[in-house]
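User: I have a model to go through with you. Please keep the answers short and show the reasoning.

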Amino acid sequence: MQTPPNEPVTADDCTTVEVARRLGLAVRSVQLMVDRGELEAWKTPGGHRRISRVSVDRWLADRHSGVSRPAPLGPPVGAPAAWPVNPPASTATAAPASRRPRMLLIEDSRHFQNLVTLLVKARFPQVELHLADDGIAGLAMAGKLEPEVLLVDILLPGIDGATLITGLRSHPAFARSQLIVVTSLEGAALEPYGFALEGLPVVHKPRLAVELPALLAQALAPTDAAPRRD
């Protein structure tokens with residue numbers, strides 16, 4: 001759809017679609033970033049959202065400033081040019097066979113972070129749980145930790161969950177990680193992300209406390225059953 005003549009896009013701002021393409025995110029993820037105040041935006045008299053180009057540049061600079069990262073694993077299609085992934089820990093020093101199983105939750109909602117934390121502590125005290133607030137941090141942590149279980153939300157700032165999941169599933173370094181998707185999306189709202197979710201268990205957040213424990217038990221079973229060496 002073309003922008004109406006009386007609502008031009010200036011050099012100082014851009015549309016939600018343009019920002020989504022630049023960051024490699026879904027449009028909905030960009031809208032959520034605006035709602036959370038991560039990007040400066042306003043609406044034209046015709047109701048079209050405009051995002052400050054300066055705030056987009058600042059957001060990108062904040063994500064990458066002063067951070068020295070090893071060579072990336074390689075981005076999936078549609079990911080940002082700077083794909084900030086640390087190499088998996090196995091490329092350096094292998095983790096001891098006796099270490100606690102690791103779980104990484106990539107979720108920006110504090111409420112659901114707390115809910116999963118309480119659930120894991122109560123039902124799986126042997127698990128070492130790590131948290132990431134956005135897709136970029138989560139991807140870097142996944143490369144560093146090589147967790148046995150990855151819980152990934154779909155609507156994430158930084159890199160949306162579908163792009164993140166596609167990258168993880170396409171790289172052999174994460175073949176041993178069990179992926180579980182957590183989302184508030186259902187039905188038609190979930191369809192645009194179907195390309196990344198095929199074959200993965202999906203837990204809807206309203207039923208998280210009911211459905212997640214069984215999935216975690218199944219995902220952790222091979223780790224628990226494996227013999228440990230002294």
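User: How many of the six residues of strand β7 are buried?

Analyst: The model is predicted. Strand β7 spans residues 178-183. The strand is largely enclosed by the rest of the structure, because the buried residues number five of the six.

User: Which residue in β7 stands opposite V149?

Analyst: Strand β6 covers residues 149-153 and runs parallel to β7. Five bridges join the two strands. Opposite V149 in β7 stands Q178.

User: What is the strand order in the open sheet of five strands, and which strands stand at its edges?

Analyst: The pairing in this sheet is parallel, and the order is β5-β4-β6-β7-β8. A strand with a single partner has one side left without a neighbour in the sheet, so it stands at an edge. That applies to β5 and β8 (202-204).

User: By how much are neighbouring strands of this sheet turned against each other on average?

Analyst: The sheet in question is the open one with the order β5-β4-β6-β7-β8. Direction is ignored in this average. The turn between neighbouring strands comes to 20°.

User: Which residue is the bridge partner of M103 in β5?

Analyst: Strand β4 (residues 102-106) and β5 run parallel, joined by five bridges. In β5, M103 has as its bridge partner L129.

User: What angle does the direction of helix α6 make with that of β6?

Analyst: Helix α6, residues 161-170, packs on the sheet. There it touches β4, β6 and β7. Its direction makes with that of β6 an angle of about 155°.

User: Where is V127 found, and what is the separation between its C-alpha atom and that of L220?

Analyst: V127 is in the loop between α4 (110-123) and β5 (128-132). It counts as buried because its relative accessibility is 6%, under the 20% cut-off. Leaving out residues up to four places away in sequence, V127 touches R100, P101, M103, V120 and L220. V127 and L220 are 93 residues apart along the chain, yet their C-alpha atoms are separated by 9.0 Å.

User: Why is helix α5 described as largely enclosed by the rest of the structure?

Analyst: The helix runs over residues 135-145. Its buried residues are G135, I136, G138, L139, A140, A142, G143 and L145. Helix α5 is largely enclosed because its buried residues number eight of the eleven.

User: At the start of α5, which residue has a side-chain oxygen that reaches the backbone nitrogen of I136?

Analyst: The contact involves a side-chain oxygen and a backbone nitrogen, within 3.0 Å of each other. The nitrogen belongs to I136, and the oxygen to D134.

User: What phi does E146 take just after α5?

Analyst: E146 lies in the loop between α5 and β6. The residue is buried, with a relative accessible area of 11%. Most residues other than glycine have a negative phi. E146 is a residue other than glycine with a positive value, about 50°.

User: In the open sheet of three strands, which residue in β3 does C14 stand opposite?

Analyst: The order is β1-β3-β2, with antiparallel pairing. β1 (13-14) and β2 (41-43) stand at the edges, so each has one side without a neighbour in the sheet. β1 and strand β3 (residues 49-52) pair over two bridges. Opposite C14 in β3 stands I51.

User: Which helix lies across β2 and β3, and at what angle to β3?

Analyst: The helix covers residues 27-35. It is α2, running to β3 at about 70°.

User: What arc do the buried residues of helix α1 cover around the axis?

Analyst: Helix α1 spans residues 16-23, and its buried residues are T16, V19, A20 and L23. Residues three or four places apart in an α-helix point the same way, because there are 3.6 residues a turn. The buried residues of α1 lie on the same side of the helix, because they cover an arc of only 100°.

User: Which residues is T16 in contact with, leaving aside its neighbours within four places in sequence?

Analyst: T16 is in helix α1. T16 counts as buried because its relative accessibility is 9%. The contacts of T16 are V27, V30, Q31, R49 and I51.

User: What percentage of the residues of the protein count as buried?

Analyst: The protein has 230 residues, with eight helices and eight strands. The share of residues that count as buried is 45%.

Notes. Residues are numbered from 1 along each chain as its sequence is written. This is a predicted model: local features need pLDDT of at least 70, side-chain atom pairs count only at pLDDT 80 or more; totals for chains, interfaces and linings use all residues. Side-chain values use heavy atoms; hydrogens and water are left out. Two strands pair if DSSP finds at least two bridges between them. Helices (H or I, at least four residues) and strands (E, at least two) are DSSP runs, numbered from the N terminus. Contact means heavy atoms within 4.5 Å. Axes are lines fitted to C-alpha atoms, for helices over the stretch in contact, and angles run from 0 to 180 degrees between N-to-C directions. Buried means under 20% relative accessible area, exposed over 50%, partly exposed in between (1.4 Å probe, protein chains only). The arc is that of the directions from the helix axis to the C-beta atoms. A polar contact is a pair of N or O atoms within 3.5 Å; within protein, one must be able to donate a hydrogen and the other to accept it, and residues adjacent in sequence count only if both atoms are side-chain atoms.
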